[in-house]
Amino acid sequence: MALDTASKLTKRRDLAFGLETTTGTAVAVGAAAGTIPVFNPEMPYSTEPVERPGNGTLSRIRQGRGARSGTCTFESEVYGNETAALFDLLKLCGLTLSTATLTPTSEPNQTGTFGLYLSGKLKKLVGCMGTAVMRFRRGQAPRISWTFTG
């Protein structure tokens, strides 16, 4: 049996990012803001629940919300002319770039804002820092698995 309606596009995802000048202050992320080809981008949010003790009645107790955070995970390939954007992402992972050499730092030095466009809707994370895992396979372009939390 054929369907008359077109299937919903679930794979249309674009990721943009920008380096923040002030930690925790969002920067504009748009089509031209640090976009690189990525695979499997996800941005789940999480909210810490706040437990409240009962007050001796049968009335329902309003639960509060705790700290809000989110995680942005994706993969990218290392090739072509996206090296400037990759260096910016590596800065968010605690590395500094000087004279074409990446060196780790002992203190956080840069945060970023990430925006994930899911079928035209924007999800945003602010004040992100992260980790990078590089994978090298014979005959394939090197891949980096990124995880940012903000």
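**Figure 1. Phe148 and the residues around it.** In this predicted model, Phe148 touches a long list of residues that lie more than four places away in sequence. Some of these partners sit together along the chain, such as Gly70, Thr71, Cys72 and Phe74. Leu89, Leu92 and Cys93 are also touched by Phe148. To complete the list, add Phe114 as well as Cys128, Met129 and Gly130.

**Figure 2. The largest nonpolar core.** Phe148 is also a member of the largest nonpolar core, a group of 20 residues. Which members touch the most other members of this core? They are Leu15, Cys72, Phe74, Leu89, Phe114, Trp146 and Phe148. At least two core residues come from each of these elements: strand 1 (13-19), strand 4 (64-77), helix 1 (83-91), strand 7 (112-118), strand 8 (121-135) and strand 9 (143-149). Helix 1 is the top contributor, giving four residues. As a rule of thumb, nonpolar side chains tend to be buried together in soluble globular proteins.

**Figure 3. Ser145 in strand 9.** Now look at Ser145, which has its place in strand 9. Is Ser145 buried or exposed? Its relative accessible area is 14%, and buried means under 20%, so Ser145 counts as buried. Leaving out residues up to four places away in sequence, Ser145 touches Phe74, Glu75, Thr131, Ala132, Val133 and Arg135. With Arg135 there is also a polar contact of 2.3 Å between the two side chains. Thr73 is 72 residues away from Ser145 in sequence, yet their C-alpha atoms are 7.5 Å apart in space.

**Figure 4. The elements along the chain.** Stepping back, you can follow one helix and nine strands through the protein chain. Starting at the N terminus, their order is β-β-β-β-α-β-β-β-β-β. Among contacts with a separation of 6 or more, 57% are between residues 24 or more positions apart. Of the 150 residues in the chain, 25% are buried. The accessible surface of the chain is about 10500 Å², and carbon and sulfur atoms account for 53% of that surface.

**Figure 5. Confidence in the model.** How confident is the predictor, and where does the mean pLDDT of an element reach its highest value? The chain averages a pLDDT of 81, and 88% of the residues score at least 70. Among the elements, strand 9 has the highest mean pLDDT, at 94. The lowest mean, 81, belongs to strand 3 (residues 45-50). Remember that predicted coordinates should not be read in detail where pLDDT is low.

How values were computed. Residues are numbered from 1 along each chain as its sequence is written. This is a predicted model: local features need pLDDT of at least 70, side-chain atom pairs count only at pLDDT 80 or more; totals for chains, interfaces and linings use all residues. Side-chain values use heavy atoms; hydrogens and water are left out. A nonpolar core is a set of buried Ala, Val, Leu, Ile, Met, Phe, Trp, Tyr and Cys residues joined through side-chain atoms within 4.5 Å. Buried means under 20% relative accessible area, exposed over 50%, partly exposed in between (1.4 Å probe, protein chains only). Contact means heavy atoms within 4.5 Å. Accessible areas come from the Shrake-Rupley method with a 1.4 Å probe; for residues, only the protein chains shown count as cover. A polar contact is a pair of N or O atoms within 3.5 Å; within protein, one must be able to donate a hydrogen and the other to accept it, and residues adjacent in sequence count only if both atoms are side-chain atoms. pLDDT is the predictor's confidence in each residue, from 0 to 100.
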